[in-house]
Amino acid sequence: MGDHKDLTNEFAVDKIKDLAENIKTCMFCTYNEYRLQSRPMSVQKIDDLGQLWFLSDRNSSQNAEISQNPQVEIFFSEPHDKFLTLHGTASISYDRDTIKELYDPIVKVWMPGGVDDPNLSVIKVIPEDGYYWNNKNGSMVAIAKMAAAYVTGKTMDDGIEGTLTLE
């Protein structure tokens, strides 16, 4: 078994930033009246409070679902190396200054009107808690240890995992 280390407050924020900023793309999950709905989204920014910021279309399903139920789940994953799950509360803003701050030209692929597109909105997620797992020594060491475990039949878990709590 790997190591277990629960993190709170600023230590949890540091872990969120460490994992999410490197992975960048997540499965962003909202709830409609029937079930969990997931779609890939890229985080534009993670601030010093651990809040995650996304750009979205005003008319998107995620915006409609957040308007009905602001509870969201976010899943980041980098195979064999890093995993992060966050539970939080989302809000939607149309603040033009924030949109300009977060805007990246690649967003034009989804929002052809660019930074001035009137349908461009900001989703801010305030994480409440979560779970993380990552390996201690980087992916090359992890792959070598997995290969050794496969050959020897012994567990060589190089991971560290724990809960994240933001108060």
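# A pocket, a helix and some paired strands

Strand E4 supplies the largest share of the lining of the largest pocket, namely four residues. Keep in mind as you look around that this is a predicted model.

Let's stay with that pocket for a moment. It holds about 430 Å³ of space. The elements that give two or more residues to its lining are strand E4 (36–42) and E6. In total 17 residues line the largest pocket, and Pro40, Met41, Ser42, Leu55 and Trp110 are the ones nearest its centre. What classes of residue make up the lining? There are eight nonpolar, five polar and four charged residues.

Now for the strands. E6, one of the pocket's contributors, also pairs with strand E9, and E9 turns up again with other partners. Here are three antiparallel pairings that involve E9:

| Strand pair | Bridges | One bridge in the pair |
|---|---|---|
| E6 (residues 52–57) and E9 (residues 120–135) | six | aspartate 57 with leucine 120 |
| E8 and E9 | 12 | lysine 82 with asparagine 134 |
| E9 and E10 (residues 159–165) | seven | tyrosine 132 with glycine 162 |

Try tracing these in the structure. Strand E6 runs antiparallel to E9, E8 pairs with E9 in the antiparallel sense too, and E10 is another antiparallel partner of E9.

Two residues of E8 show how this strand sits against its surroundings. Phenylalanine 83 belongs to E8, which covers residues 82–93. Is phenylalanine 83 buried, exposed or partly exposed? Its relative accessible area is 31%, so it counts as partly exposed. Setting aside neighbours within four places in sequence, phenylalanine 83 is in contact with Leu19, Phe76, Ser77, Glu78, Tyr131, Tyr132 and Trp133. Leu19 is a residue of H1, while Tyr132 has a bridge partner in E10, glycine 162. The chain also brings phenylalanine 83 and asparagine 134 together: they are 51 residues apart along the chain, yet their C-alpha atoms are separated by 6.2 Å.

Further along, serine 91 is in strand E8 as well. With a relative accessible area of 34%, serine 91 is partly exposed. Where does it touch the rest of the chain? Apart from neighbours within four places in sequence, serine 91 is in contact with Ile66, Val122, Ile123 and Lys124. The C-alpha atoms of serine 91 and lysine 124 are separated by 5.4 Å, although their positions lie 33 residues apart along the chain. As a rule of thumb for strands, side chains in a regular strand alternate between the two faces of the sheet.

Finally, have a look at helix H1. How well does its length fit what you'd expect? At 1.5 Å a residue, its 15 residues should span 21 Å, and the end C-alpha atoms are 21 Å apart, so the two agree. Several residues of H1 are buried: Ala12, Val13, Lys15, Ile16, Lys17, Leu19, Ala20 and Ile23.

Lysine 15 deserves a second glance. This residue lies in H1, which covers residues 9–23. Why does lysine 15 count as buried? Its relative accessibility is 15%, and buried means under 20%. Not counting residues up to four places away in sequence, lysine 15 touches Leu7, Tyr132, Asn134 and Leu164. Asn134 is familiar from E9, where it is the bridge partner of lysine 82. Right after the helix comes lysine 24, with a positive phi near 75°.

Key:
Residues numbered from 1 in each chain as written. Predicted model: local features only at pLDDT ≥ 70, side-chain atom pairs only at ≥ 80, totals over all residues. Heavy atoms only, no water. Buried < 20%, exposed > 50% of the residue type's maximum accessible area, 1.4 Å probe, protein only. Contact = heavy atoms within 4.5 Å. Expected span 1.5 Å × (residues − 1). Pairing = 2+ DSSP bridges. 1 Å grid on protein atoms, 1.4 Å probe; cavity = no way out; pocket = protein on both sides within 12 Å on 5 of 7 lines; lining within 4 Å. Points joined across faces, edges and corners; volume = space filled by probe spheres on them. Nonpolar A, V, L, I, M, F, W, Y, C, P; charged D, E, K, R; others polar.
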